[in-house]
Amino acid sequence: MWLKPRGRFGERPIWSGAQIPYANNPEIPPRQIDVFCFDDDTVLIIECKSSEKRKPRPLQTIINDFANIKSGISRYINSFFETRKKIKFIIATNNIIVSQNDINRIKENEILLFTQDDIKYYEQLSSHLGEASKYQLFGRIFSGLSIPSLKTKVPAIKGKMGGHTYYSFSIQPEKLLKLSYILHSTVTSEESEGAYQRMVSKSRLKEIEVFLNSNGFFPNSIIVNVITQKENPLYSDPIKANHDSNISDLCVLHLPKSYQSAFIIDGQHRLYGYSNTDWKYKNSIPVVAFENLPIETQVKMFVDINHKQKSVSKNLLTTIMADLKWGSPIYNDALFAVKSKLLQRLGERDDSPLYRRVIVGENKKSDLTCITLDYIISYGFNKSSYFAKTQKNKLVSTGPLWVDNYVDMLNKSYQYFKHVFEYVKNE
């Protein structure tokens with residue numbers, strides 16, 4: 001198939017094999033791309049690298065190559081399409097242990113890394129959510145970028161709750177799907193460390209879909225945390241009207257027009273149950289929105305709500321509490337968080353000998369994935385002298401892995417146990 005782009009590149013072909021020109025000089029051949037995909041607003045350009053067996057492999061050559069052609073390919077793509085696209089370059093790996101130096105280079109060049117675990121996660125999410133799963137993907141890839149065509153002004157009530165400002169309003173599910181994002185404890189990328197939500201249940205989504213299609217509805221609110229920048233907070237136009245409340249006001253709320261701007265604290269199944277129905281355009285759903293809640297407040301709210309509605313598994317609770325207690329001024333709580341995150345990292349990083357062996361959140365137990373967080377913390381770390389001994393929130397003694405900075409302690413502990421278990425495995 002021959003395509004005729006507009007602009008200074010002249011007439012250059014894009015074959016179905018995804019060869020894309022990147023230089024003004026027609027003598028320079030186009031670059032072969034493994035995956036090229038686009039929709040109305042976005043373009044993804046993906047380079048795939050795979051190994052039959054899991055092993056380290058340097059990616060410096062492909063990183064440098066991608067970095068050198070990014071601007072040229074972006075110019076060509078924007079000269080070809082009628083409207084300007086959001087473009088992202090991704091390196092997707094399978095069974096390749098990527099070095100920290102390569103990870104740093106990838107970030108420096110504004111490229112994304114997707115490992116086999118990321119891809120498996122989005123495949124699973126797609127099977128659960130269908131087309132709506134793309135908003136989860138876009139939320140990660142285009143975090144903070146705008147959706148100009150989205151209309152996000154909604155009438156709202158502004159009030160105070162628990163010392164926090166909130167807005168209560170109704171909105172079409174289709175709009176909230178574009179703005180919303182759910183962090184799951186099964187996401188393996190380190191940029192999602194601190195995630196606490198559960199993977200959505202396919203059976204529950206189907207039940208909700210059938211319920212909605214039989215004229216059912218949910219009167220209870222979706223709870224979200226709207227993420228804004230300090231220089232661009234949530235804005236609302238006050239509405240002048242007579243009322244008797246001195247703690248609430250009427251307004252028109254201007255929600256952000258960007259991907260990954262509203263994190264779902266509670267109500268993910270109710271929202272995503274609309275994703276494969278026409279009711280996402282026809283219904284409105286009630287929402288309570290907070291702004292820039294601290295992560296510990298979000299986690300506590302999630303635990304409080306779910307503890308009353310449905311029991312939270314002990315392993316998921318340990319995962320959640322690690323986020324809640326991270327950086328706590330109480331030594332025992334902060335050390336608990338370090339130990340929990342250490343085990344999660346040992347189970348999630350593909351350079352770890354315990355990769356996929358630790359149960360994180362609500363991941364399913366199997367013959368391979370069988371190490372629980374609580375057991376190792378209670379009967380391993382807590383009985384050792386690796387970290388520190390405390391009494392009445394005072395340090396009694398410190399161990400060889402102690403560092404007076406919890407991030408550094410986590411990194412040091414991970415390297416130590418990684419080498420210990422590698423030695424055990426190899427011998």
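For what follows, Ala, Val, Leu, Ile, Met, Phe, Trp, Tyr, Cys and Pro count as nonpolar, Asp, Glu, Lys and Arg as charged, and the others, Gly among them, as polar. This is a predicted model, in which local features need pLDDT of at least 70 and side-chain atom pairs count only at pLDDT 80 or more, while totals for chains, interfaces and linings use all residues. Residues are numbered from 1 along each chain as its sequence is written, and side-chain values use heavy atoms, with hydrogens and water left out.

I'll start with strand β14, residues 285–291. Strands here are DSSP E runs of at least two residues, and helices are H or I runs of at least four, numbered from the N terminus. Five of the seven β14 residues are buried, so the strand is largely enclosed by the rest of the structure. Buried means under 20% relative accessible area, with a 1.4 Å probe and protein chains only.

Strands pair if DSSP finds at least two bridges between them. β14 pairs with β8 (residues 164–171) in the antiparallel sense over six bridges, and with β10 (residues 222–226) in the parallel sense over five. Ala289 of β14 stands opposite Tyr167 and is also the bridge partner of Val224.

Next, Gly273. It lies in the loop between α7 (268–272) and α8 (279–282). Why does Gly273 count as buried? Because its relative accessibility is 2%. Leu212 is 61 residues from Gly273 in sequence, yet the C-alpha atoms are 8.1 Å apart. Beyond four places in sequence, Gly273 touches Leu205, Ile208, Glu209 and Leu212, where contact means heavy atoms within 4.5 Å.

Terms used:
Buried means under 20% relative accessible area, exposed over 50%, partly exposed in between (1.4 Å probe, protein chains only).
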